[in-house]
Amino acid sequence: MNLALLFPAGLAALAALLLPLLIHLARRSEQRITDFAALRWLSTRSRPRRRRRFDERLLLLVRLLLLAALAVLLARPVLYGQPDRTPWIVAAPEVGSAALHNAAGSGNARLHWLAPGFPGVDDTAPAPRQPVASLLRELDAVLPAGTPLTVLVPALIDGADAQRPRLSRRVDWRVMPSAAHPPAAIAATAIPELTVIHAPEHAPALRYLRAAGAAWRAEMPAAGTDSKSATAATAASPIVIAPASQALDAGTRNLVWLVPGALPARVRDWIDNGGRALLAADVEAPELAKSAPLWRDGQGDALVRGAPLGRGRIMQLTRALSPDAMPQLLEADFPDHLRVLFEDPAPAPARAAASAYAPTTGTPPWPETPRPLAPWLIALVALLFAVERWLASGPRHGAAE
């Protein structure tokens, strides 16, 4: 146990201990001089010597203790106890209590669930609701530095953060078999549906967009669940070509606008309501004055720039859609780059493999939480004050005054 003061300058108030001493020294009992005849013949040289003495020593001691307690209270004392470094073993609820007990063996480790509040293993396993990384950071802050920690997790972790958790201690990370999660299904690749509105002078560029659509269509049967849906997906083209005079359909989500000149207000309003549009290089769009690069070539130059517009996104090619100005049109990954431009922002991963999610170290240890002694000192001050009042109002003190 270590005693520390958070505000040592408060001990300067101990100088106030001089006040009761001075008051007791300066006090004089009320005396009346009475003359009587027997003393008139005594010599004045034989006066008794006077010496200072403290009256009511118990009252003086109580007052000194009261002031000392107030001074120490101002210094804010705290108590650091001996940290309990008993090993901890925590398990995700999906692992089960049997695996938790097997991991503990015959040791004296503390067994808890990796859940809010870290309940004991004897309690019912709670439902997993809070992300694992958040619970690990909270536990790392609660446990004293140097306490061994073992974590049992299933093979797949739900609610994973975008990066591995970083703690102040090394963790014995054990991946346990669990039947709580079925094998993760491979998600079907999202194929965007594009509406291409063009002017006659941009007709040569349509062949490259059609080629990208054909590459997407070739991937669609692999994403289908049966042959019937795969046949229907193959027959449907993901790219619709339309002239500049055609109005935007209400269900249109992605647009390639290949019409030179100023961007019409109807297209701008459509983007503002949640649409995504890729404009040709010769389209005038002031909204793209402060846009950011979305696709760069091998030299780092921007091929497509974009910026948010209302609830949608506006993008623009920096070069003409021709192999002379943009050789990337002939490369095999052009369909992939075009598809990425119209994809929704990727959400944070909700499920991760536990083997790749082991915590790293590097965070500084959390300071030990001290136990404040202020409540005990306040109680002591109240008790001393009550004793001082009782002594000061006692019959002996009243008679002396």
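**Contacts, an aromatic pair and a parallel sheet**

In this predicted model, 66% of the contacts in the protein chain between residues at least 6 apart in sequence join residues at least 24 apart.

User: How many helices and strands does the protein chain have?
Analyst: The model is predicted. Helices are counted as runs of at least four residues, strands as runs of at least two. The secondary structure of the protein chain comes to 10 helices and 20 strands.

User: What share of the protein chain's exposed area do carbon and sulfur atoms supply?
Analyst: Of the 401 residues, 34% are buried. The chain exposes about 25,000 Å². The share of that area from carbon and sulfur atoms is 58%.

User: Is the pair of Trp-295 and Phe-334 stacked, edge-to-face or tilted?
Analyst: A search of the whole structure finds one aromatic pair. The ring centres of Trp-295 and Phe-334 lie 6.2 Å apart, with the planes at 35°. Stacked needs under 30 degrees and edge-to-face over 60. The angle of 35° fits neither, so the pair is tilted.

User: How many residues apart are Trp-295 and Phe-334?
Analyst: Trp-295 sits in strand β15, residues 292-296. Phe-334 belongs to helix α8, residues 334-341. The pair therefore links distant parts of the chain, and the separation is 39 residues.

User: Is Trp-295 buried or exposed?
Analyst: The cut-off for buried is under 20% relative accessible area. Trp-295 has 9% relative accessibility. Its ring partner Phe-334 has 4% and counts as buried. At 9%, Trp-295 is also below the cut-off, so it counts as buried.

User: What arc do the buried residues of α8 cover around the axis?
Analyst: In α8, the buried residues are Phe-334, Pro-335, Leu-338, Arg-339 and Leu-341. They lie on the same side of the helix, because the arc they cover is only 155°.

User: Which strands stand at the edges of the open sheet with the order β4-β3-β5-β8?
Analyst: The sheet has four strands, with parallel pairing. The twist averages 20° from one strand to the next. An edge strand here has a single partner strand, so one of its sides is left without a neighbour in the sheet. That describes β4 (110-113) and β8 (171-176).

User: Which residue in β4 does Ala-91 stand opposite?
Analyst: Strand β3 spans residues 88-91. Four bridges join β3 to β4, and the two run parallel. Opposite Ala-91 in β4 stands Trp-113.

Methods: Residues numbered from 1 in each chain as written. Predicted model: local features only at pLDDT ≥ 70, side-chain atom pairs only at ≥ 80, totals over all residues. Heavy atoms only, no water. Phe/Tyr/Trp six-rings, centres within 6.5 Å; stacked < 30°, edge-to-face > 60°. Buried < 20%, exposed > 50% of the residue type's maximum accessible area, 1.4 Å probe, protein only. Pairing = 2+ DSSP bridges. Axes fitted to C-alpha atoms, helices over the stretch in contact; angles between N-to-C directions. Contact = heavy atoms within 4.5 Å. Areas by Shrake-Rupley, 256 points an atom, 1.4 Å probe, with all protein chains shown as cover. Arc of directions from axis to C-beta.
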